[in-house]
Each structure stands twice: as C-alpha cells, then as structure tokens.
Amino acid sequence: MAEVLDITVEEQKAIDHAYEDMIASLRTSYSQEDRDQMNRAFRLANYSHRHQRRKSKEPYIFHPIAVAKICAEEIGLGPTAICAALLHDVVEDTPVTIEELQDQFGDRIAQMVGGLTKLDSAYQSESKQAENFKKVLSTLIVDVRIVLIKMADRLHNMRTIKSMPEHKQLKIAAETSYIYAPLAHRLGLYNFRSEFLDLCMKVLERDEYNAVARKLQETKAAREKYIESFISPLRSKLDSLGYNYRIFGRPKSIYSIANKIKKKQVPFEQIYDLFAVRVILDVPREKEKLAAWAIYSTITDTYQAVPSRLKDWITIPKSNGYESLHTTVVGPGARFVEVQIRSERMNEIAERGFAAHWKYKGVSNQRDVYEQWFESVRDILENPNSDTVQFLGDFRANSFFNEEVYVYTPDGDMKALPKGSTALDFAFSVHSMVGYHCQSILCDERIVPMSYVLRNGDRLKVNTNPQQKPNPNWLDMVKTGKAKAKIRQSLKEEKRQQGELAKEALHRKLKKLHVEDEKAAVETLARHWTEGSHVDLFYDLGREALSIAQILKPFEVDHGKLAIALPAPAAQEKEPDSKNRRNGANRLKGTTKLLINGEPGDQLEYTMASCCNPVQGDQVFAYLTSNAGLKIHRVICPNAENLMANYDYRIMKAEWVSTTDHSFVAELELTGLDSGKGVIETISHEITQMDLDIRSFNIAAESGHFTAKISLLVRNTDQLRLASRALQNLDNVSTVSRVE
Ligand code: MN
C-alpha cells in the first residue's frame with residue numbers, strides 16, 4: 001500500500017469508469033446538488049489516495065469506489081452515505097483531516113467519516129476485539145449508516161482477502177465471523193451474513209468449503225431439473241389467482257449446507273435441503289397477507305404440507321424486521337422442499353435489512369423494531385461497569401437468536417424476547433426498576449419461579465417490593481444481555497457501598513505512610529490483589545477477606561511511591577532463550593515438523609493443544625499462551641474463534657513441514673449396531689492391521705447400539721482419513737467422525 005507509483009492514464013480511465021458504474025447503481029433518486037457533492041468526494045478521495053496501492057497492486061481508490069458501490073447497490077444507501085463511503089479511508093491513510101471534510105462536506109459526512117476512522121484505528125490497535133466491538137456499536141447509535149458502510153468495507157475486504165498473507169486472512173476471517181456476521185444478522189442484512197460466513201469458511205475451512213462447492217456445481221443440472229418439475233404443475237394454478245408473482249428455486253449457502261453435513265453426520269448426497277423455492281408477490285401492502293395465504297393454500301393443494309414446519313413471520317415479524325411465510329411440503333419423489341412466500345417489500349427488507357426498513361418506515365404501523373434494539377444497545381453501552389468481554393458474550397448470545405418467544409403483559413401488550421428468556425428477563429424488559437424489585441411473578445395467574453422459561457402466549461404479571469434487590473444467583477436466572485448488565489450493575493453498586501469504609505481506612509493508612517500519589521498506589525494494589533478492580537479491592541477489605549496490613553506487605557514506600565519490595569518474579573512470558581530451550585520438558589522431540597512465522601518450529605517451545613489435537617495436514621495456527629509457551633491449535637478448534645478475535649496479537653502463523661516421523665493423537669467417534677459379536681475385537685483388529693497404535697478405547701453399548709471413542713496415533717490427515725474410511729466399511733459400523 002505504501003508504494004509510490006503514479007497512476008497511469010489507462011488506470012485513471014478504469015477508475016473513472018468504476019466511479020460512473022457506481023453512480024449508475026444508485027437505487028435512490030438524487031438531485032444535481034447531490035451529484036456534484038458525490039463528484040467532489042470522488043475527486044478528493046482519488047487525489048488523496050493517488051500514491052497508494054492495494055496488496056493486489058491496483059490503485060487504492062478502487063477500494064473506496066467498490067465500498068460505495070456495495071452501499072448503493074446491495075444496501076440501498078443514498079448520496080450522503082455514498083460520499084462518506086468514498087471518503088472512508090482518507091483521514092486514516094492520507095493527510096486530509098476531519099476539519100477539512102467538515103469545511104467541504106458539512107458536519108454529517110465529516111461525522112460519518114470520523115466514526116469510520118475510529119473503527120479502523122480500533123482495528124489496527126492491539127486492543128481486544130471486544131473493545132473494538134463496543135466501538136462499532138457506539139457508532140451505530142450515532143448514525144446507523146456508519147455501521148452499514150463499515151459492513152460494506154468489511155465485505156469488500158473479505159471478497160478480496162486472497163491477496164493478504166495467510167495469518168492475516170485468519171485474523172480478519174475470525175473477526176468477521178465473530179463480530180460482523182452476527183451484527184449483519186441483527187441488522188437484517190441476511191445476504192451479508194451468508195456471504196460473510198461463506199467467505200470466512202473459505203479461509204478457515206478451505207477443504208470442506210471446496211468439497212461442498214464442487215459437489216454443488218456437479219449436481220447443479222439435476223437440481224435445476226428437479227426445481228422445474230416442482231414448479232411447473234403449480235404455474236397455471238398460481239396464474240389463476242391473478243397476482244403478479246415470481247417463483248424460482250434458490251440454492252442455500254455453502255456455509256449452511258456444510259453445517260448441516262456436520263450436524264447430521266451424513267454425506268452431501270443425503271442433504272435434500274440444498275435449495276428453497278421462493279414465491280415473491282407484487283401486490284399492494286394491504287393485500288400482502290391475504291395473497292400470501294392464497295399462495296400457501298394453492299401450493300399445499302398440490303403438495304402435501306409438513307405441518308410442524310409452518311412459520312408465519314407475516315402475522316408476527318421477527319424482531320429484526322424479517323417478514324415471510326415459510327412452509328415445507330412433500331415434493332415429487334417424496335423429497336421435502338422448503339417454500340418461502342413473501343411480497344416484494346418483504347423481500348427487499350430481507351435482503352437489504354435496515355436501509356429498506358427505513359424506506360417503508362412511514363408506511364408501517366408496526367412497532368419500530370430497530371428503535372427497540374438500538375435502545376437495548378444503548379442500555380448496555382451506557383452501563384459504566386460492563387466488562388467488555390462479558391459484554392460481547394451477552395451481545396452475541398442475544399443477537400444469535402433466530403427465534404423469539406412472544407408473551408403478554410397484564411394489559412395485553414405483546415413483548416418479544418429471545419427464545420430461552422425467563423420470567424425474570426421479562427421483569428427487566430418491562431423496566432429495570434421492575435426487575436430490581438421483582439418479588440414474585442405470576443404466569444397465567446399462577447406463581448412461577450423467576451427462572452421459569454417463557455413460552456409463547458404466556459401472560460405475565462410481576463409483583464414488586466421496594467425492599468427486594470438483586471443477588472448474585474439472579475445472574476443464572478436470566479438470559480438477556482439487558483437483564484444481566486442491570487443485575488451486574490446493581491451488584492457492583494452494592495459492593496461499592498460495602499467497600500466505602502474500607503476505602504476510607506486505606507486512605508488514612510496510605511497518608512500515614514507518606515504515599516504522595518494515592519491514586520497510583522491504589523492502582524498498584526488493585527492490580528496486585530484483585531486483577532485491577534478497585535471495587536473488589538475495597539469490598540474484600542470491607543468484608544475482611546483481605547486486611548490492609550496484608551495487602552501492603554509485599555510493598556515498600558520509596559520516595560512517596562508504592563513499589564514492590566521483593567524483586568519481581570521473573571517474567572514468564574519472556575521468549576525462551578537458547579539455554580532453557582535445550583531442556584524444555586514438554587517440547588516435542590524429533591525433527592522440525594512445523595514452521596512458525598516462517599521459522600523452524602523446534603527453535604521455539606510448542607505443544608499441541610489438547611482441545612483439538614491437531615494432526616499433520618490440518619490447518620493450524622500458533623497461539624502464545626501466557627505461561628505454557630506456544631500452543632498449536634486447529635483453525636476450526638472451538639476455542640480458535642475466540643482466541644483469534646480477542647488475542648489476535650498473540651497469534652502466529654503455523655504450517656506443517658511435509659516430512660515428519662512424529663505421530664499425533666486424533667480422536668474418532670464410532671457409532672453402530674452392537675450385534676454382540678465382539679465389536680471391540682473387530683475394530684481394534686482393523687486398526688492394528690493398518691499399523692496404527694491405539695492410545696485409548698472407550699465403548700458404551702445400549703439397547704443394541706454402541707458408541708465408541710478411540711484415540712489413535714497417526715502421522716497425518718491422510719492416514720487418519722484412510723483409517724476412518726476402513727472403519728466405516730466394517731459391518732455394523734454406521735458412522736465414523738473425528739472429534740473436533
Ligand atoms: Mn476501507
């Protein structure tokens with residue numbers, strides 16, 4: 001990006017062309033004034049980025065143009081947002097300042113670019129992703145378009161990720177699936193979410209992705225033929241209803257197909273759910289519901305409906321605004337086919353999320369779903385003591401819900417809460433004070449426990465008592481982020497009050513010791529004793545879990561400052577030097593098997609992580625732990641996403657060197673029929689035949705079925721694959737899968 005290379009005449013032509021193409025893709029109308037402003041934004045960006053190139057060597061300006069185009073075409077944003085998108089990297093990467101933008105483009109655009117710049121610098125800093133995510137959400141409250149442009153920026157970076165070095169690809173993909181995919185989902189940008197997840201999978205699970213993509217391609221013709229055979233008997237009947245409509249088959253995303261294969265443990269060939277049939281109606285708003293049900297009726301006259309699969313999100317939309325009528329029917333050849341029925345308006349909301357919702361805002365008498373959500377985000381953000389990692393966990397837990405439960409207040413008002421919410425969540429959703437003082441809860445006139453899990457249609461009444469207040473057990477009784485944050489806040493306040501006296505006592509003691517900078521001293525003590533929490537320090541002193549004498553013991557006062565008296569324990573995180581490297585106890589023996597950051601791995605101390613047991617050939621990365629050297633994890637390890645997203649500065653690239661004489665532990669799970677004819681012998685015989693060692697073998701049988709877990713020593717993934725295939729071929733064995 002830093003290369004100084006002038007833009008050639010041909011390149012400038014291509015740039016101008018890309019810009020005009022972007023303008024042509026705008027879906028909203030704009031005035032001459034708007035057009036002039038967009039032109040000025042383009043010229044400023046073009047000029048400011050003139051010395052920069054992307055990793056792919058193309059002039060940098062192609063990136064902001066592409067981001068603007070995604071905003072215009074795929075989100076449906078208007079001219080103001082387009083200007084901000086064109087300028088989104090100038091403050092970050094060039095000498096242009098926010099003040100200049102303010103002068104030339106006004107407050108709104110400058111504010112948006114400012115928000116985007118903050119997000120970018122957050123990303124580059126070493127702060128944890130949870131902290132970054134908090135920043136993303138705070139800009140969301142300022143102007144939701146900032147986050148939408150950021151999504152477009154991320155989408156373009158993901159689409160062009162191939163030109164990045166691999167370890168960066170891993171970090172970016174992990175962050176995307178950790179933060180941006182759930183956020184896209186919450187903002188109703190379904191297409192963004194599926195594309196994010198597909199692109200992440202392409203980086204994080206390359207082989208699986210390619211396998212599914214190839215099979216989809218191979219089966220395309222047969223699938224299209226089937227879809228036609230499904231649709232053609234319907235056409236004349238649908239025509240006779242007299243609505244304008246479109247009907248077509250739509251493939252599901254690679255990510256969702258791969259997920260099903262994993263979950264159901266069946267091969268691709270047995271997944272019938274590779275596509276859905278969609279009917280889109282062009283009818284006036286007031287006729288939408290009637291028309292959708294007429295279509296439903298026609299389709300289920302032709303094909304038998306599967307009753308449990310009916311989902312009516314038209315009568316009650318999802319909380320992110322999604323509206324659609326879904327059903328599953330038995331199609332030709334007795335195959336289950338999912339049918340989605342919706343209007344053009346609903347379709348636009350489903351595909352373009354928030355921006356489309358905005359467009360129809362005035363028309364709708366529906367509660368403003370986004371306003372409600374922003375309010376809860378604001379609630380969490382404004383909570384001064386929310387721990388950021390916890391915060392991210394709460395947010396993800398809440399935004400990942402596809403489904404909701406609908407309950408009623410005594411007045412008959414409906415409230416939608418994430419599925420799994422409890423009666424106590426309901427109390428907090430009414431008002432935080434109702435939550436704090438919640439004494440008992442009635443569900444349909446009967447008292448239920450606070451932890452009662454809500455069911456659709458419940459009618460709830462909360463009885464409060466001003467003496468009542470939250471206790472730590474309440475945290476286990478709620479599911480929503482809002483309730484959790486409020487309970488934590490109250491518990492912390494309680495602690496703070498209990499610590500007041502101790503705080504006063506410590507203050508007097510430090511004064512007596514002639515400590516000058518008291519603030520720094522308390523900081524030091526908190527860091528030493530309570531992981532940096534002042535509240536906990538005073539609280540522990542207050543309830544006498546710690547004493548003042550005890551906490552001051554390791555310290556001495558030196559020139560008015562509190563300093564540690566003993567020499568600090570040797571830093572554990574220091575790079576192992578050549579001496580102790582030689583006697584590293586748990587280091588793997590043998591020749592170099594791994595390259596870590598391009599260097600032979602035996603120069604460093606590393607071990608295989610026991611959570612995912614990597615085997616030669618797996619996609620892996622190295623993680624620098626705080627006390628156990630480097631751990632090698634599989635990219636798809638359940639812990640990997642969290643590590644990569646929150647501690648990306650500790651991640652190193654790791655790759656296998658092709659030859660090795662070392663073995664790895666891999667765990668297989670087998671299921672099958674227990675015919676009583678010595679399953680254990682058959683399996684272990686097969687394994688020894690392949691010249692593999694068994695580390696452990698556990699088998700449990702119940703009513704004619706068995707489940708076995710076998711730890712094997714293998715050299716690489718090929719050998720493991722051969723072993724699974726051989727075991728799969730045994731009589732009585734029905735499934736073989738690797739324990740991830
Ligand atoms: Mn960018």
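**Close-up 1. The surroundings of T176 in helix 10 of this predicted model.** Beyond its neighbours within four places in sequence, T176 is in contact with R154, M158, A181, P182, F196 and C200. The residue itself belongs to helix 10, which covers residues 166–186. T176 has a relative accessible area of 0%, so with the limit for buried residues set at under 20%, T176 counts as buried. If you are browsing the structure, two of the contact partners to look for are R154 and M158, and F196 and C200 are also among them.

**Close-up 2. T160, between helix 9 and helix 10.** Here the view moves to the loop that lies between these two helices, where T160 is found. Is T160 buried or partly exposed? With a relative accessible area of 27%, T160 is partly exposed. T160 and L199 are 39 residues apart along the chain, and their C-alpha atoms are separated by 9.9 Å.

**Close-up 3. The manganese ion and its protein donors.** Four residues coordinate the manganese ion: H63 and H88 through NE2, and D89 and D153 through OD, at 2.2 to 2.5 Å. Read along the sequence, the donor residues follow the spacing H-x24-H-D-x63-D. H63 and D89 link distant parts of the chain, being 26 residues apart. H63 sits in helix 3 (residues 62–75), whereas D89 is in the loop between helix 4 (79–86) and helix 5 (90–93). How accessible are these two donors? H63 is buried, at a relative accessible area of 2%, and D89 is buried too, at 3%.

**Close-up 4. Helix 3 crossing helix 9.** Two packed helices are described by the angle between their axes and the distance between the axes. For helix 3 and helix 9 (residues 144–159), the axes come within 9 Å and cross at roughly 120 degrees. The crossing of helix 3 past helix 9 is right-handed. On the helix 3 side, the contact involves H63, A66, V67, I70, C71, E74 and I75. Helix 9 meets them with L148, I149, A152, D153, L155, H156, N157 and R159. By residue type, this contact divides into 9 nonpolar, 3 polar and 3 charged. Two names will be familiar from the metal site: H63 and D153 take part in this helix contact, and both coordinate the manganese ion.

**Close-up 5. K57, a residue with positive phi.** K57 is not a glycine, yet its phi is positive, at about 80 degrees. Its place is in the loop between helix 2 (32–48) and helix 3. K57 counts as partly exposed, at 49% relative accessibility.

**Close-up 6. N613, another residue with positive phi.** The loop between strand 16 (606–608) and strand 17 (620–624) holds N613. Phi of N613 is near 40 degrees, a positive value in a residue other than glycine. The relative accessibility of N613 is 22%, and the residue counts as partly exposed.

**Close-up 7. The hairpin of strand 12 and strand 13.** Strand 12 (residues 555–558) and strand 13 (residues 561–564) run antiparallel and are joined by 4 bridges. How many residues lie between the two strands of this hairpin? There are 2, and H559 in the turn has a positive phi of about 50 degrees. D558 stands opposite K561 of strand 13.

**Close-up 8. An open four-stranded sheet with helices packed on it.** Strands of a sheet pair through backbone hydrogen bonds, either parallel or antiparallel. In this sheet of 4 strands the pairing is antiparallel, and the order is 21-22-20-23. Strand 21 (693–702) and strand 23 (733–738) are the edge strands, each pairing on one side only. On average, neighbouring strands are turned by 15 degrees against each other, direction ignored. Strand 20 (residues 664–673) and strand 22 (residues 705–714) are joined by 10 bridges, and F664 has V714 of strand 22 as its bridge partner. Helix 29 (residues 717–728) packs on the sheet and touches strand 20, strand 22 and strand 23. The direction of helix 29 makes about 165 degrees with that of strand 23. Helix 28 (residues 679–689) lies across strand 20, strand 21 and strand 22, and runs at about 155 degrees to strand 21.

Conventions
Residues are numbered from 1 along each chain as its sequence is written. This is a predicted model: local features need pLDDT of at least 70, side-chain atom pairs count only at pLDDT 80 or more; totals for chains, interfaces and linings use all residues. Side-chain values use heavy atoms; hydrogens and water are left out. Donors are N, O and S atoms within 2.8 Å of the metal (3.2 Å for Na, K and Ca); water is not among the atoms, so sites may look incomplete. Buried means under 20% relative accessible area, exposed over 50%, partly exposed in between (1.4 Å probe, protein chains only). Axes are lines fitted to C-alpha atoms, for helices over the stretch in contact, and angles run from 0 to 180 degrees between N-to-C directions. A crossing is left-handed if the near helix is turned anticlockwise from the far one by less than a right angle, and right-handed if clockwise. Contact means heavy atoms within 4.5 Å. Ala, Val, Leu, Ile, Met, Phe, Trp, Tyr, Cys and Pro count as nonpolar, Asp, Glu, Lys and Arg as charged, and the others, Gly among them, as polar. Two strands pair if DSSP finds at least two bridges between them.
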